[in-house]
Amino acid sequence: MQTHTYSASASFVSSPSGDPYKYQVGFGNRFASEAIPGTLPQGQNHPQKNKYGLYMEAMTGSPFITPRPQNLQAFLYRIRPSLDHKKFVRLPDNPDMESNFLPINPKVHISPTQLSFGPPPFPLSSDEVDFIAGLKTIGGNGEPTAREGLALHFYVANADMKNKAFCNSDGDILVAPQQGRLDVQTEFGRMMVRPGEFMVIQKGMKFRVSLPDGPSRGCDPGQLCSSMSLKLTDSDVQEIFGSHFELPDLGAIGGQGMANPRDFEVPLASFEIGETSWEVVYKIGGQLFSAGQDHTPFDVVAWQGNYVPYKYAMEKFIFVGSVSKDHIDPSVFTILTAKSKATGIPLVDVLTLSERWDVASDTFRPPYYHRNNAAEIVGLIYGEWVPPYVRGGISLQTVFCPHGPPPEVYKGASTMELKPERVFKDTLLIGFETPMLTITDYALNRGGTVTESEPLSFPPEFIARLEEINADLKAAGYDELKKKSG
């Protein structure tokens with residue numbers, strides 16, 4: 001198999017150390033990329049004859065009549081059309097993967113308790129588990145045929161996808177690796193995604209995942225890791241069934257800050273010439289299908305459009321916060337948002353927390369006690385944070401169920417000397433906020449890796465200070481308070 005890559009005719013950004021690829025930059029742009037100069041037609045999208053005998057194939061990410069600012073499409077010029085494949089075959093269900101999160105499904109559950117999920121165990125060294133087989137569903141809401149909802153997965157793998165591609169027709173996939181880089185080949189080109197970055201593969205796009213890093217020592221103690229050449233990686237994966245991700249409006253923040261559009265990276269066109277057997281796995285309505293073909297699916301010589309895969313390095317996020325007192329709502333930590341069908345209510349917000357200054361005076365600096373109109377999911381990518389957060393795991397707080405710091409943290413934060421300090425040093429977390437989340441059987445029955453928060457008891461300082469309170473009431477001309485017995 002021969003691989004051709006050409007990028008001199010396109011605008012690109014140089015890659016950081018450890019990333020062999022170059023990228024175009026921007027969010028929501030209309031991009032154009034060609035691996036062979038002069039391949040893209042000029043002045044039209046589908047001429048009668050394409051250069052070099054290529055086939056034109058369109059991909060739409062929105063209905064045809066969607067207003068122009070939200071209309072998503074791409075035009076691909078490829079050696080063979082995707083229609084060139086064998087019959088579809090229904091594949092067995094992945095018992096650890098779920099797509100229907102409606103409460104009527106007996107395989108999903110609602111928990112008001114704060115839950116923490118440790119990182120899933122890596123597969124045995126004797127088993128080959130690739131991206132598709134490595135998906136383990138934690139929870140979600142809605143379901144894909146209604147085009148409204150999302151799924152939250154873990155991903156653990158020790159094998160490349162080899163001559164296999166994946167096409168998710170249900171929704172966009174956001175993948176944030178926690179251990180090990182991902183070498184991702186898409187129809188639009190290649191991306192290297194490391195811990196600290198995430199990628200988004202929008203629905204309908206074919207891709208495959210290879211694992212360039214190994215050996216790894218990040219094995220779960222309960223598993224065997226005897227092979228020193230074993231490749232391992234794990235990630236948080238979010239799949240949205242409804243809309244697509246957008247940059248949040250900045251409002252009073254102005255024209256810049258938070259996630260800057262130019263920090264999103266889009267691959268450059270590259271293609272393969274291959275006459276070997278391939279398998280393309282499609283996920284449609286939560287079911288898996290396979291279609292074989294006698295050629296590579298990654299044969300796009302040139303493409304143009306605004307419906308593209310992309311990646312983002314969360315360390316580039318520009319934090320906004322209070323420089324006087326009190327907290328600003330966590331919406332200022334939002335990287336991307338996806339709209340739901342209800343006006344003003346997002347399907348999901350994607351947030352990040354990492355190293356920044358905390359300078360607010362006369363302020364309780366940890367997260368205050370709250371009950372929010374959203375379920376909150378937080379995953380620790382790297383660094384150290386307070387229990388129960390562990391690297392590779394996630395923590396869940398259910399919508400409108402109370403949460404906040406334990407008594408000892410409250411006491412310390414209430415009495416500490418307030419001065420400017422650097423918080424979340426060498427630490428990065430990714431978070432998701434969504435209206436509701438049901439939890440899967442897999443998540444609740446994984447053998448000791450799910451932890452419920454312990455009930456907390458807080459001292460009622462108000463009652464202990466009744467003498468002081470009554471003195472103030474008496475001085476103000478009010479009746480004293482009396483503590484009832486029993």
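Q: Which residues are linked with Asp19 in a network of salt bridges?

A: Asp19 shares that network with Glu197, Glu265 and Lys311. Keep in mind that this is a predicted model.

Q: What makes aspartate 299 and arginine 78 a salt bridge?

A: The test asks for a Lys or Arg side-chain nitrogen within 4 Å of a carboxyl oxygen of Asp or Glu. Here the N to O distance is 3.1 Å, so the pair passes that cut-off. The two partners come from distant parts of the chain, 221 residues apart: arginine 78 belongs to strand E5 (residues 73-78), while aspartate 299 sits in the loop between strand E22 (287-293) and strand E23 (300-305).

Q: Are aspartate 299 and arginine 78 buried or exposed, and how do you know?

A: Buried means under 20% relative accessible area. Aspartate 299 comes out at 1%, so it counts as buried. Arginine 78 is also at 1%, so it gets the label buried too.

Q: Why do glutamate 98 and lysine 107 get different burial labels?

A: Start with the pair itself: their closest N and O atoms are 3.6 Å apart, and they form a salt bridge. Glutamate 98 has 12% relative accessibility, which is under the 20% cut-off, so it counts as buried. Lysine 107 has 44%, which falls between 20% and 50%, so it is called partly exposed.

Q: How do you know that glutamate 246 and lysine 339 form a salt bridge?

A: Their N to O distance is 3.8 Å, and the limit is 4 Å, so the pair qualifies. This one also links distant parts of the chain: glutamate 246 is in strand E18 (residues 245-246) and lysine 339 is in strand E25 (residues 334-339), 93 residues apart. Glutamate 246 is partly exposed, because its relative accessible area is 27%.

Q: How many salt bridges does this rule give?

A: The count comes to 27.

Q: Why is strand E17 called mostly covered?

A: Eight of the eight residues in strand E17 (residues 233-240) are buried. In a regular strand, side chains alternate between the two faces of the sheet. In E17, Thr233, Ser235, Val237 and Glu239 are buried on one side, and Asp234, Asp236, Gln238 and Ile240 are buried on the other.

Q: What makes E10 and E17 a pair of strands?

A: Two strands count as paired if there are at least two bridges between them. Strand E10 (residues 148-157) has eight bridges to E17, running antiparallel, so the two are paired. One example is phenylalanine 154, whose bridge partner in E17 is aspartate 236. Strand E12 (residues 172-179) pairs with E17 as well, over seven antiparallel bridges. There, proline 177 stands opposite serine 235 in E17.

Q: Why are E2 and E7 called edge strands?

A: Picture the sheet to begin with: ten strands, paired antiparallel, form an open sheet in the order E2-E19-E24-E15-E12-E17-E10-E9-E30-E7. Strand E2 (23-25) and strand E7 (108-109) each pair on one side only, and that is what an edge strand does here.

Q: How do you know that E19 and E24 are paired?

A: The minimum is at least two bridges. Strand E19 (residues 264-267) and strand E24 (residues 310-313) have two, and they run antiparallel, so they meet the rule. Glutamate 265 stands opposite lysine 311 in E24, and both also appear in the salt-bridge network as Glu265 and Lys311.

Q: Which residues does UniProt list for "binding site", and what labels do they get?

A: The unreviewed UniProt entry lists Trp385 and His403. Tryptophan 385 is at 28%, so it counts as partly exposed. Histidine 403 is at 10%, so it counts as buried. Leaving out neighbours within four places in sequence, tryptophan 385 contacts Val378, Leu380, Phe424 and Leu429. With that kind of exclusion, histidine 403 touches Gln114, Tyr368, Tyr369, His370, Glu376 and Gln397.

Q: What makes phenylalanine 458 fit the label partly exposed?

A: Its relative accessibility is 39%, which lies between 20% and 50%, so the label fits. Phenylalanine 458 is in the loop between strand E31 (450-452) and helix H3 (461-464). With Tyr369, Tyr410 and Leu456, Phe458 forms a nonpolar surface patch, and together they have about 380 Å² of accessible area.

How values were computed: Residues are numbered from 1 along each chain as its sequence is written. This is a predicted model: local features need pLDDT of at least 70, side-chain atom pairs count only at pLDDT 80 or more; totals for chains, interfaces and linings use all residues. Side-chain values use heavy atoms; hydrogens and water are left out. Patches are made of residues with over 30% relative accessible area and no salt bridge: like charges are joined within 9 Å, nonpolar side chains (Val, Leu, Ile, Met, Phe, Trp, Tyr) within 5 Å. Accessible areas come from the Shrake-Rupley method with a 1.4 Å probe; for residues, only the protein chains shown count as cover. Helices (H or I, at least four residues) and strands (E, at least two) are DSSP runs, numbered from the N terminus. Buried means under 20% relative accessible area, exposed over 50%, partly exposed in between (1.4 Å probe, protein chains only). UniProt positions are given in the numbering used here, feature names are shortened, and annotations may be inferred rather than shown by experiment. Contact means heavy atoms within 4.5 Å.
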